[in-house]
Amino acid sequence: MTQDWSDLLQWEELRHYLLNLLRELPDWGLLALLLALVALGALLLWRVLRVLSWLRMWRYRTIGSRGERKAEEVLTRAGYEVLDRQVTRRYPMLVDGTAREVLVRADMLVRKSGRTYVAEVKAGWIASNPLHTPTRRQLLEYEVVFDVRGVLMVDVPRKRVLRVEFPIGD
């Protein structure tokens, strides 16, 4: 019990010392101290936000890899053979006349009945809807870049494979 009082007295002495030190500081010193504390707080907040961002991305990667494993099971049950995973293609585009190269990565390349398809895995309830704007645009890009007629979307939550085609210009 005496140790608790001793600790409390030491903290009280430190508090008095710091208050006296602050009282003796000129105005510019208080301003400098305040700015330093704000900068330290901003730095701390920035670090916390980076950690939170990393944790969020880790969670998405974990969900994605789990979804891809389940998607392979769904594809196999539907009669598809997985040929390759994380398939990449590059394609050129012009931005204000300047040539650029874009890298596209699809989840899987699969085959069924002698036909090859690009398969995109979606593990979320909203993203697994092929009419969902970001999903639709991604599937259309795959059809163009991989030069296929139709792509597959593996709807992991509903355990189904959807063949999506864009009959533009037919």
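This is a short tour of the model, stop by stop, with what to select and what is there. The model is predicted, and residues are numbered from 1 along the chain.

**Stop 1: helix 1**

Select residues 2–24, which make up helix 1. Now show the side chains of Glu12 and Arg15. They meet in a salt bridge, with N to O at 2.7 Å. The two residues sit 3 apart in this helix, about one turn. Is Glu12 buried, or is it at least partly exposed? Glu12 counts as partly exposed, at 32% relative accessibility. Arg15 is partly exposed too, with a relative accessible area of 42%. This pair belongs to a structure that holds 8 salt bridges.

**Stop 2: the nonpolar patch**

Stay with helix 1 and add helix 2. Select Leu19, Leu22, Leu25, Leu30, Leu33, Leu37, Leu40, Leu43 and Trp46, and show them as a surface. Together they form a nonpolar patch on the surface, with about 760 Å² of accessible area. Helix 1 and helix 2 are the elements that give two or more residues to the patch. Which helix gives the most? Helix 2 does, with 6 residues.

Now pick out Leu25. This residue of the patch lies in the loop between helix 1 and helix 2. Leu25 counts as partly exposed, because its relative accessibility is 31% and that class runs from 20% to 50%.

**Stop 3: the end of helix 2**

Follow helix 2, residues 27–77, to its last residues. Select Glu73 and Arg77. Their side chains meet in a salt bridge, at 3.7 Å from N to O. The two are 4 residues apart in helix 2, so about one helical turn separates them. Glu73 is partly exposed at 45% relative accessibility. Arg77 is exposed, at 60%.

**Stop 4: from helix 2 to strand 1**

Next, select Glu72 and Arg85. They form a salt bridge, and the closest N and O atoms are 2.6 Å apart. What does this pair tie together? Glu72 lies in helix 2 and Arg85 in strand 1 (residues 81–95), so the bridge ties together parts that are 13 residues apart in sequence. Glu72 is partly exposed, with a relative accessible area of 22%. Arg85 is also partly exposed, at 43%.

**Stop 5: strands 1 and 2**

Color strand 1 and strand 2 (residues 98–112). They pair in the antiparallel sense over 13 bridges. To check the register, select Glu81. Its bridge partner in strand 2 is Arg111. Then go to the turn. The hairpin of strand 1 and strand 2 has 2 residues between the strands, and Asp96 takes a positive phi near 50° there.

**Stop 6: strands 2 and 3**

Add strand 3, residues 115–122. Strand 2 and strand 3 pair in the antiparallel sense over 5 bridges. Select Met108, which stands opposite Ala119 in strand 3. These two strands also form a hairpin, with 2 residues between them.

Zoom in on Ser113, in the loop between strand 2 and strand 3. What is unusual about its backbone? Phi of Ser113 is near 55°, a positive value in a residue other than glycine. Most residues other than glycine have a negative phi. Ser113 counts as exposed, at 75% relative accessibility.

**Stop 7: Asp147**

Move on to helix 3 (133–145) and the loop between it and strand 4. Select Asp147, which is found in that loop. Asp147 has a positive phi of about 55°, although it is not a glycine. Asp147 counts as exposed, at 71% relative accessibility.

**Stop 8: strands 4 and 5**

Select Asp155, Arg158 and Arg160. A network of salt bridges links these three residues. Then select Lys159, in the loop between strand 4 (151–155) and strand 5 (160–164). Lys159 is exposed, with a relative accessible area of 59%.

**Stop 9: the positive patch**

Keep Lys159 selected and add Arg66, Arg69 and Lys70. The four gather in a patch of positive charge on the surface. The tour ends here.

Conventions. This is a predicted model: local features need pLDDT of at least 70, side-chain atom pairs count only at pLDDT 80 or more; totals for chains, interfaces and linings use all residues. Side-chain values use heavy atoms; hydrogens and water are left out. Buried means under 20% relative accessible area, exposed over 50%, partly exposed in between (1.4 Å probe, protein chains only). Two strands pair if DSSP finds at least two bridges between them. Patches are made of residues with over 30% relative accessible area and no salt bridge: like charges are joined within 9 Å, nonpolar side chains (Val, Leu, Ile, Met, Phe, Trp, Tyr) within 5 Å. Accessible areas come from the Shrake-Rupley method with a 1.4 Å probe; for residues, only the protein chains shown count as cover. Lys and Arg count as positive and Asp and Glu as negative; His and the chain ends are not counted. The place of a charge is taken as NZ of Lys, CZ of Arg, CG of Asp or CD of Glu.
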